[in-house]
Amino acid sequence: MWLCFPVVSAQHNFHTSEQILPNSCVLIFPMFLFNTVKVGDILPSLTTDYLVLKTIGEGVYGEVLECLDIKNQKIVAVKILKYPNARQNAKHEMSFLKIISPLNHKNLVKFFERFKYKRQECLVFEMLYRNLQYFIIVNPDRIPLNKIRAIAKQLFMAMEALSTVVQPIGFRAPEILLGLPYTNAIDMWGVGCVLANLYLRFFLFNADTDYEMMRQVVQLLGQPEDGLLHAGIYTKKYFIKVKRTNGSTWRLKDQSSLSSLSEKTAEVYNESNKNTRQNFKDC
Ligand SMILES: Nc1ncnc2c1ncn2[C@@H]1O[C@H](COP(=O)(O)OP(=O)(O)OP(=O)(O)O)[C@@H](O)[C@H]1O
């Protein structure tokens, strides 16, 4: 959910340069953070020094730390990229940042600089204080629709600015899965999945492979038309062609025929699908 975190949070920064954390906030959380960095360390860049306050979270490519930019007296988020592929990870992250930074859009996270600390790649971002998980946690029953509407607005504004979106599997549109030509309608699909997640409080499609994603889409919404399946360059990843007297049609492959899908994944899949269908009935 790389995109959605900044999208929702950018307008809600609690700390400004005048509101710096007091010294007593230092040294509260885990003492040993990622690799060689620990709370209280100073990370020098060419423009300023960053004091490590605490660890905030971890993603596929790195760990994110809350730091104080000492020169500018503001709180920032510093992402330290993971070994052993730190350089590739940095390249990967930078390829996104090159797209979003010049847009300078209020609904997209701001990127400040890149530097190395003890040979580790560090990326500095605007500090954001609320993500979608936050809204789910602070609204234990159901997120009111007017709040979901406000989040949707921010998402649409960010989408408008971006026009190209990398979609994580659970948010991937069928045309991408099938290898069909696509338009920015795929962004709408992604936003729909995010909003459904907020409303239902769990992922609409809980998939960690393309096959699982397609299978869940078919179960919830039905199979794409044969014409689309004939045209898709990846259709055979998910469907088997069945010859008929009046032409051919497609049948979704059995889960059991896919060696890559573990029993556990199948179990999780079946359970989540049962819940999804039930919750849609309840809505
Ligand atoms: N700018 C930020 N401000 C505050 N917290 C952040 C910021 N960027 C990331 N985080 C926190 O750190 C966590 C890890 O972020 P990271 O960007 O590494 O991965 P991710 O977006 O969660 O997922 P992925 O691994 O798919 O990129 C996030 O889930 C979020 O909690």
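**Close-up 1. Ala-158 sits in helix α4, which covers residues 145–162.** Welcome to this predicted model; a single residue makes an easy starting point. Ala-158 is buried, because its relative accessible area is 1%, and buried means under 20%. For a sense of the surroundings, look for Ile-100, which stands 58 residues away from Ala-158 along the chain. The C-alpha atoms of Ala-158 and Ile-100 are separated by 9.8 Å.

**Close-up 2. Asn-107 and Leu-108 belong to the loop between α2 and β5.** On either side of this loop you will find α2, residues 86–100, and β5, residues 111–117. Is Asn-107 buried or exposed? With a relative accessible area of 0%, Asn-107 is buried. The side chain of Asn-107 makes a polar contact of 3.4 Å with the side chain of Gln-154. Leu-108 also counts as buried, at 3% relative accessibility. Follow the chain for 18 residues from Leu-108 and you come to Glu-126, whose C-alpha atom is 9.9 Å from that of Leu-108. Keep Glu-126 in mind, for this residue returns in the next view, among those that come nearest to the ligand.

**Close-up 3. The ligand has 15 residues around it.** Which of them come nearest? They are Gly-59, Val-60, Lys-79, Glu-126 and Leu-128. Sorted by class, the shell around the ligand holds nine nonpolar residues, three polar ones and three charged ones. Three atom pairs are worth finding here. A polar side-chain atom of Lys-79 lies 2.8 Å from a ligand oxygen atom. From a backbone N or O atom of Gly-59 to an oxygen atom of the ligand, the distance is 3.4 Å. At Leu-128, a polar backbone atom is 3.0 Å from a nitrogen atom of the ligand. Taken alone, the ligand exposes 600 Å², and the protein buries 79% of that. The elements that give two or more residues to the shell are β2 (49–58), β3 (62–69), β4 (74–81) and β6 (120–126). Which element gives the most? β2 does, with three residues.

**Close-up 4. Lys-79 is found in strand β4.** We met this residue beside the ligand, as one of those that come nearest. UniProt, in an unreviewed entry, lists Lys-79 under "binding site". Lys-79 has a relative accessible area of 11%, so this residue is buried, the limit being under 20%.

**Close-up 5. Gln-73 takes its place in the loop between β3 and β4.** Most residues other than glycine have a negative phi. Gln-73 has a positive value, with phi near 50 degrees, and is not a glycine. How accessible is Gln-73, and what does that make it, buried or partly exposed? Its relative accessible area is 35%, so Gln-73 is partly exposed.

**Close-up 6. Helix α6 spans residues 185–200, and Arg-201 comes just after it.** The 16 residues of α6 should span 22 Å at 1.5 Å a residue, and the end C-alpha atoms are 22 Å apart, which agrees. Many names appear on the list of buried residues in α6, among them Ile-186, Asp-187, Gly-190, Val-191, Cys-193 and Val-194. Further along the helix, the buried residues include Leu-195, Ala-196, Asn-197, Leu-198 and Leu-200. Arg-201 itself lies in the loop between α6 and α7. Although Arg-201 is not a glycine, its phi is positive, at about 75 degrees. Arg-201 counts as partly exposed, at 27% relative accessibility.

**Close-up 7. Helix α7 covers residues 210–221.** From its first C-alpha to its last, this helix of 12 residues reaches 16 Å, close to the 16 Å expected at 1.5 Å a residue. Why is α7 described as largely enclosed by the rest of the structure? Nine of its 12 residues are buried, so the rest of the structure largely encloses this helix. To find the buried residues, start with Asp-210, Tyr-211, Glu-212, Met-213 and Met-214. The others named as buried are Arg-215, Gln-216, Val-217 and Val-218. After α7 comes Gly-222, with a positive phi near 95 degrees.

Terms used. Residues are numbered from 1 along each chain as its sequence is written. This is a predicted model: local features need pLDDT of at least 70, side-chain atom pairs count only at pLDDT 80 or more; totals for chains, interfaces and linings use all residues. Side-chain values use heavy atoms; hydrogens and water are left out. A residue is near a molecule or strand if one of its heavy atoms lies within 4 Å of it. A polar contact is a pair of N or O atoms within 3.5 Å; within protein, one must be able to donate a hydrogen and the other to accept it, and residues adjacent in sequence count only if both atoms are side-chain atoms. Accessible areas come from the Shrake-Rupley method with a 1.4 Å probe; for residues, only the protein chains shown count as cover. Helices (H or I, at least four residues) and strands (E, at least two) are DSSP runs, numbered from the N terminus. Ala, Val, Leu, Ile, Met, Phe, Trp, Tyr, Cys and Pro count as nonpolar, Asp, Glu, Lys and Arg as charged, and the others, Gly among them, as polar. The expected span of a helix is 1.5 Å times one less than its number of residues. Buried means under 20% relative accessible area, exposed over 50%, partly exposed in between (1.4 Å probe, protein chains only). UniProt positions are given in the numbering used here, feature names are shortened, and annotations may be inferred rather than shown by experiment.
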